[in-house]
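Biologist: Could you take a close look at the salt bridges in this one for me? I'd like to hear which residues pair up and how they sit in the fold.

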Amino acid sequence: MNTFVCISSYYKGYDFMDECKKLGIKVILITSENLKEKNWPWHAIDEVYYMPETEPFTWNLDHLVQGFQYLMKNNKIDSVVALDDFDVEKAAMIRETFRIPGMGQTTHRYFRDKLAMRQMAKDSGINIPAFTAIFNDEILHEFTQNHPAPWVLKPRSEASASGIKKIHSTEQLWEIVNNLGEERYKFLLETFKPGDVFHVDSLVYKKEIVFTSCSQYLNTPMEVSHEGGVFRTKTLGTYSDEYKALEKINSQVLEKFGLVNGATHTEFIRGKEDGKYYFLETSSRVGGAHIPDMVEASTGINIWREWAKIENALINNEPYKIAEPTGFYAGLIISLAKDLHPDLQDFTTEELVKTLPIDYHVGLVYKSGEKERLNELLENAAKIIVEKHLSIMPPKDKPTT
């Protein structure tokens, strides 16, 4: 029996572990102590170990290595899988320390460190917004002179839109940078490039991209995290010019960055001024914010389950083949809500394929054979949410995890 260790400091990966169980794989879960009560797929988990958090999503890595050494005494570990962005570094360190196959600490930086990934993209001739590290005052000053505001200050290792600040003047920038103190090296500065933001969700097997889904944010995670409102994204038609352009640049990114196997979520922007596509960031994991639910509605492909099948095929040295995707248009809409369990009757149509059971949220997945109909559904749903359900700030008693 093969043994997989799943590392997750966030509650996710249910379908991955459930599929491992179906494949006859022993699953060991390492997660945060504060996630003990979550609805993990206990039927699929053979052993579970808990790590205390030193900061949100952060563990003592020395203790993790020591604990993993204990696991190795009685288990032949075949694969170590990071289920969330925050765990990519942990998994890479474990693989390097115990010589377990998979992505190591050098390659993981291109999928975790936003500065490393920008430098790699620049060196590879991939379009990116102008950026700079902020280690040196003189270099930072020159950057602000050559690239006018606004800018975005981004944490190098946070997930999604966490910690991103939009900056409108040099005075504001220097105040923020100076206040960072010893944390300054953990950030980068990038020109703010207005435009349409897209995401590409892929599966890779032995360096070959075996599945791709391209989508467009209607309200980006950054917009929602900074301004509130309703998060929306929709899939693109596979024959559209947008899809073809995104598929091409996504292929360039994954090839140059060295992803060999697994799932990836990559974001791009189409500049409003020049219409060119620019790389924003990538990751070696399944997309968050329930994007996999939308992808499955569109294509019939469950990214989590296929990732488990890829890992299993690699360990057993077996061929892997994915089913032919379906071609529906699908859309996802998520919003904070005033009620713990909002009444969703107003959203019911034949195209509503899934509601997401998230406390104090409205979460909906639609699919349709017609692009115009999907757009209409997302617009109507957003209006209903704003009129009846929308909560700008989380309720005080909303769970924190």
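Modeller: Quick bit of vocabulary before we dig in: helices here are DSSP runs of H or I with at least four residues, numbered from the N terminus. Keep in mind that this is a predicted model. Searching the whole structure turns up 25 salt bridges, so let's zoom in on helix α12, which spans residues 371-389. Arg-373 bridges to Glu-376 there, with 3.2 Å between the closest N and O atoms. Those two are three residues apart in helix α12, so about one helical turn separates them. Both ends are partly exposed: Arg-373 has a relative accessible area of 26%, and Glu-376 comes in at 41%.

Further along in helix α12 you'll find Glu-379, which pairs with Arg-232 at a closest N to O distance of 3.1 Å. Arg-232 belongs to strand β11 (residues 231-235), so this bridge ties together parts that are 147 residues apart in sequence. The Arg-232 end is buried, with 11% relative accessible area, whereas Glu-379 is partly exposed at 39%.

For a pair with a similar split, try Arg-109 and Asp-113, whose closest N and O atoms are 3.3 Å apart. Arg-109 is partly exposed at 44%, while Asp-113 is buried at 3% relative accessibility. And if you fancy something beyond pairs, Asp-15, Asp-18, Glu-19, Lys-22 and Arg-305 are joined in a salt-bridge network.

Notes. Residues numbered from 1 in each chain as written. Predicted model: local features only at pLDDT ≥ 70, side-chain atom pairs only at ≥ 80, totals over all residues. Heavy atoms only, no water. Salt bridge = Lys/Arg side-chain N within 4 Å of Asp/Glu carboxyl O. Buried < 20%, exposed > 50% of the residue type's maximum accessible area, 1.4 Å probe, protein only.
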